[in-house]
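Dear colleague,

I am passing on the structure we spoke about, and below it you will find my notes on what I found. Please read them with the coordinates open beside you.

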Amino acid sequence: MQRKMAIRINSLSRQVSKEIKGQGSAIKSELGHHYHQVEALEQLLPALKLTATLPPSRGWAASPDFLLTLSSIVRKSKPKLVLELGSGVSTLVSAKSGARRIISLDHSKEFGEATREMLKEHKVTGAQIRINELLTYPGGYKWYSPEALIGVKGIDLLVIDGPPSSTNPDARYPALEHLLPLLTKKAIVILDDADREDEKKLAQAFAHAMPNHKLTFLRHEKGTAVISPR
Ligand SMILES: C[S@@+](CC[C@H](N)C(=O)[O-])C[C@H]1O[C@@H](n2cnc3c(N)ncnc32)[C@H](O)[C@@H]1O
């Protein structure tokens, strides 16, 4: 009886230490994520020279690691026209990194107007937020309406962070068909959320359609894909 109890206690204690060890590594990995975002934010903020507060990043907004890469791309490539799908803190970062002309499409009146207000507060003048409901196309998918793209051509930098995946399956994939013809030869495409299968597929499709470009996946919090000239 005593022996049985001892065996049972031993087995339980092994189970508990295994669980504690597992939780320990999960916490360590989570702390690593947070540390990495703080590290990115510390590099990003001095470069932006903001005169008002930075809106919250992460969650629905892009994470600092994505924003730091976006800022560095804008600084280095000096795009004449940035087209962004999904407005927010990323619009501010592009503008404050030197992008003179940004057109950002947003399907939501609420969030698009919030971005407009935020940009006003930061005295950004070169960014236009175009708010249009998503249109249902003949193929049955929903995407930004052609009205939102009036006058858009010669895109040097395409930032893909919308529409949200909750709006319809493969929500961002139509960007390929609609925007590929509007890109310049040396355009750069950057995608947020590239850890998700849909976004990975879209990044690969862009790279395939742009044979003089290379595709880089960055191990960011949500995964970032960059398609840039070789
Ligand atoms: C991934 S978000 C775009 C984020 C933006 N690029 C940024 O860095 O802040 C895609 C769309 O989700 C919507 N959105 C933003 N914040 C949201 C929230 N808290 N809840 C629901 N939708 C939101 C906006 O309409 C936005 O265009």
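How many other C-beta atoms lie within 10 Å of D170, and is the residue buried, exposed or partly exposed? Please keep in mind that the model is predicted. D170 has 13 other C-beta atoms within 10 Å, and because buried residues need 20 or more and exposed ones have 12 or fewer, D170 counts as partly exposed. The backbone at D170 is also worth a look, since its phi is positive, about 50°, although the residue is not a glycine. In general, most residues other than glycine have a negative phi, and most peptide bonds are trans.

D170 sits in the loop between β6 and α5, and the loop between β6 (155-160) and α5 (174-179) also holds P163. The peptide bond that joins G162 to P163 is cis, with an omega of about -5°.

R58 is another non-glycine residue with a positive phi, in this case near 70°, and it is placed in the loop between α1 (2-48) and α2 (64-77). With 18 other C-beta atoms within 10 Å, R58 is partly exposed.

Helix α3 (residues 89-96) has a clear setting: eight of its eight residues are buried, so the helix is largely enclosed by the rest of the structure. The buried residues of α3 are V89, S90, T91, L92, V93, S94, A95 and K96. After α3 comes G98, which has a positive phi near 120°.

S90 of α3 turns up again at the ligand, where 15 residues form the surroundings and A61, G86, G88, S90 and S108 come nearest. Sorted by class, the shell around the ligand consists of six nonpolar, seven polar and two charged residues.

As for the protein chain as a whole, it contains six helices and nine strands. Its radius of gyration is 22 Å, well over the 17 Å that the globule rule gives for 230 residues, so the chain is more spread out than a compact globule. The C-alpha trace spans about 85 × 45 × 40 Å along its principal axes, and buried residues account for 37% of the 230 residues. Of the contacts between residues at least 6 apart in sequence, 63% join residues at least 24 apart.

With best wishes

Technical notes
Residues numbered from 1 in each chain as written. Predicted model: local features only at pLDDT ≥ 70, side-chain atom pairs only at ≥ 80, totals over all residues. Near = placed C-beta within 6 Å. Nonpolar A, V, L, I, M, F, W, Y, C, P; charged D, E, K, R; others polar. Helix = DSSP H or I, 4+ residues; strand = E, 2+ residues; numbered from the N terminus. Rg over C-alpha atoms; globule rule 2.2 N^0.38 Å. Contact = placed C-beta atoms within 7 Å.
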